[in-house]
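Here's a quick tour of this one. Have a look at the fold first, then read on.

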Amino acid sequence: MRLRVEFTTEPFDLDEAPAHAVVARDVVTGAGLDAVDVGPFGNTAEGEAEQVLGAVAALLRESLQAGATRVSLQVNVIQGAGEAT
C-alpha cells in the first residue's frame with residue numbers, strides 16, 4: 001500500500017523557517033520517500049506505508065521537541081502503478 005502525507009507545522013514565521021519546520025522537512029527528506037515536495041506553507045511526500053508511517057512518527061516527535069505548537073497532517077492511501085481503480 002502506498003500513502004501520501006501532507007503536513008504543516010506551526011507557529012509560522014514569514015521571515016525565516018522556524019527550527020520545528022526545518023526539523024520536520026529534514027525528517028521527511030531523509031526518510032527515503034518518493035515525490036517529496038517542501039514549501040513554505042505545506043509539504044507532501046509519498047511512499048510505501050511503513051516508510052510513510054515511520055516518517056510521520058519521527059516528524060511528530062522531532063518537530064514537537066523543536067518547538068512546534070501544532071502539527072497538521074493528512075495521510076491518504078494512493079493508487080500505485082498498475083493497481084485497479
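A word on terms before we start: two residues are in contact when they have heavy atoms within 4.5 Å of each other. Also keep in mind that this is a predicted model.

## Val75 and its contacts

Let's begin with Val75, which sits in strand E4, spanning residues 70–78. Leaving aside residues up to four places away in sequence, Val75 touches Leu3, Arg4 and Val5. Is Val75 buried, exposed or partly exposed? Its relative accessible area is 35%, and buried means under 20% while exposed means over 50%, so Val75 counts as partly exposed.

For a sense of distance, take Glu62, which is 13 residues from Val75 along the chain. The C-alpha atoms of Val75 and Glu62 are 18 Å apart.

## How the strands pair

Strand E1 covers residues 2–10 and runs antiparallel to strand E3 (residues 43–48), with six bridges between the two. Within E3, Ala45 is the residue opposite Val5.

E3 also pairs with strand E2 (residues 34–38), again in the antiparallel sense, this time over three bridges. One of the bridge pairs here joins Val38 to Asn43 in E3. How many residues lie between E2 and E3 in their hairpin? There are four.

## The nonpolar core

The largest nonpolar core has 14 residues. The members that touch the most others are Val5, Phe7, Val28, Leu33, Ala45, Val52 and Leu59. Two or more residues apiece come from E1, H1 and helix H2 (49–65), and H2 has the largest share, with six. Val5 and Ala45 are familiar from the strand pairing, where they stand opposite each other.

Leu59 is worth a closer look. Skipping residues up to four places away in sequence, Leu59 touches Phe7, Ala24, Val27, Val28, Leu64 and Val71.

## The largest pocket

Now for the empty space. The largest pocket comes out at a volume of about 200 Å³, and 17 residues line it. Which of them lie nearest its centre? Those are Phe12, Pro18, Ala21, Arg25 and Pro40.

E1 and helix H1 (19–29) each give at least two residues to the pocket lining. E1 and H1 also each give two or more residues to the core described above. Sorted by class, the lining of the largest pocket holds nine nonpolar residues, six polar ones and two charged ones.

Key
Residues are numbered from 1 along each chain as its sequence is written. This is a predicted model: local features need pLDDT of at least 70, side-chain atom pairs count only at pLDDT 80 or more; totals for chains, interfaces and linings use all residues. Side-chain values use heavy atoms; hydrogens and water are left out. Two strands pair if DSSP finds at least two bridges between them. On a 1 Å grid over the protein atoms alone, a cavity is a set of points where a 1.4 Å probe fits but cannot get out, and a pocket is an open set with protein on both sides within 12 Å along at least five of seven lines; lining residues have an atom within 4 Å of a point. Grid points are joined across faces, edges and corners, and a volume is the space filled by probe spheres set on the points. Ala, Val, Leu, Ile, Met, Phe, Trp, Tyr, Cys and Pro count as nonpolar, Asp, Glu, Lys and Arg as charged, and the others, Gly among them, as polar. A nonpolar core is a set of buried Ala, Val, Leu, Ile, Met, Phe, Trp, Tyr and Cys residues joined through side-chain atoms within 4.5 Å. Buried means under 20% relative accessible area, exposed over 50%, partly exposed in between (1.4 Å probe, protein chains only).
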